[in-house]
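I opened this entry to keep track of what I looked up, one topic at a time.

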Amino acid sequence: MPRLVLASTSAYRRQLLERLGLAFETDRPDVDESPLPGEAPTVTAERLSIAKARAVAVRHPDALIIGSDQVAYRQTESGGERFGKPGTIERAIAQLQAMRGQSVFFHTGLCLLDSRDNSQQVDGVSTEVRFRQLNDTEIRRYVEKELPLDCAGSAKSEGLGISLLEYMRGDDPNALVGLPLIALCRMLRNAGVTVP
């Protein structure tokens, strides 16, 4: 089996990949994650998953590289609003205030790049998340307890963030955390990796 490299330093993605019981390394992709002008959120996530895999592949010419990226967005009358990693408590609070009572879509792009022959498999998994009509006290209490400053949309569904939601709809609950394992297992099997 070729070496497996996760093109990410995200603790969340690493923890998800560990579930598969496969040996892997991690490597930082150092990719500009800015969306291109007029680019749809789904296209951004998939383009960046490819870019991350390719950035790491140059350092690992004999490996299967996993790239993933997630874009959180909400449809509005004027087109849409994206929610990135907040970085600060105040920005996390502002994000959750904007999302309360709303449906937000988290699109996770996934790329498995075989650096031995430059072949790639690409997929995207969308999850609809409906937020409760949260009051400001609930939002601040959640942000101060969870400190979700490094996750798109400021809500960790794998933690206390689940209490903020009315529902989640999607094909793979792992995609919302940042790595769609169902799609990844399919890609790995296509590449000759035995899972399980």
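I began with a term: a polar contact is a pair of N or O atoms within 3.5 Å, where within protein one must be able to donate a hydrogen and the other to accept it, and residues adjacent in sequence count only if both atoms are side-chain atoms. The model is predicted, so I noted that local features need pLDDT of at least 70, that side-chain atom pairs count only at pLDDT 80 or more, and that totals for chains, interfaces and linings use all residues. Residues are numbered from 1 along each chain as its sequence is written, and side-chain values use heavy atoms, with hydrogens and water left out.

**D69**

I looked up D69 and found it in strand β3; strands (E, at least two residues) and helices (H or I, at least four) are DSSP runs, numbered from the N terminus. D69 is buried, at 4% relative accessible area. Here buried means under 20% relative accessible area, exposed over 50%, and partly exposed in between (1.4 Å probe, protein chains only). The side chains of D69 and K52 are joined by a polar contact of 2.9 Å. I then listed contacts, meaning heavy atoms within 4.5 Å. Leaving aside neighbours within four places in sequence, D69 touches residues including R13, E33, S49 and H107.

**K156**

Which side chain of opposite charge is nearest to K156? It is D150, 4.2 Å away, and K156 is buried yet has no salt bridge. For charge, Lys and Arg count as positive and Asp and Glu as negative, while His and the chain ends are not counted. A salt bridge needs a side-chain nitrogen of Lys or Arg within 4 Å of a carboxyl oxygen of Asp or Glu. I placed K156 in the loop between α4 and β7 (165-170). Its side chain makes a polar contact of 2.9 Å with that of Y12. Beyond neighbours within four places in sequence, the contacts of K156 include Y12, Y142, E146 and C151.

**Helix α1**

Y12 led me to α1 (residues 11-18), whose buried residues are Y12, R13, L16 and L17. Seen down the axis of α1, these fall within an arc of 130°, so they line one face of the helix; the arc is that of the directions from the helix axis to the C-beta atoms. Among the elements covering them are β1 (3-6), α2 (41-57) and α6 (181-190). S10 caps the N-terminal end of α1, with a side-chain oxygen 3.2 Å from the backbone nitrogen of Y12.

**Helix α3 and I139**

Next I took α3 (residues 89-99), where the buried residues are A92, I93, Q95, L96 and M99. They cover an arc of only 160° around the axis, which puts them on the same side of α3. They pack against β4 (81-83), β5 (103-114), β6 (119-131) and α4 (136-146). After α3 comes G101, with a positive phi near 70°.

In helix α4 I checked I139, which is buried at 0% relative accessibility. Leaving aside neighbours within four places in sequence, I139 is in contact with I93, L96, Q97, R100 and L134. I also looked up its separation from T9: the two residues are 130 apart along the chain, and their C-alpha atoms are separated by 28 Å.

**Salt bridges**

How many salt bridges does a search of the whole structure find? The search finds 14. I wrote down some of them.

- E39 and R47 meet at 2.7 Å, N to O; E39 is buried at 11% relative accessibility, whereas R47 is partly exposed at 26%.
- R169 pairs with E128, the closest N and O atoms being 4.0 Å apart. R169 lies in strand β7 and E128 in strand β6, so the pair ties together parts that are 41 residues apart in sequence. E128 is buried, at 17%.
- E138 and R132 meet at 3.2 Å, N to O, and R132 is partly exposed at 27%.
- R3, E25 and D62 are linked in a network of salt bridges.

**The aromatic pair**

My last search was for aromatic pairs, and the structure holds one. It joins Y73 and F105 and is stacked, at 5.8 Å centre to centre with 25° between the planes. Y73 lies in strand β3 (residues 63-74) and F105 in strand β5, so the pair ties together parts that are 32 residues apart in sequence. Rings of Phe, Tyr and Trp (its six-membered ring) pair if their centres lie within 6.5 Å; planes under 30 degrees apart count as stacked, over 60 as edge-to-face and the rest as tilted. Y73 is buried at 10% relative accessibility, while F105 is partly exposed at 24%.
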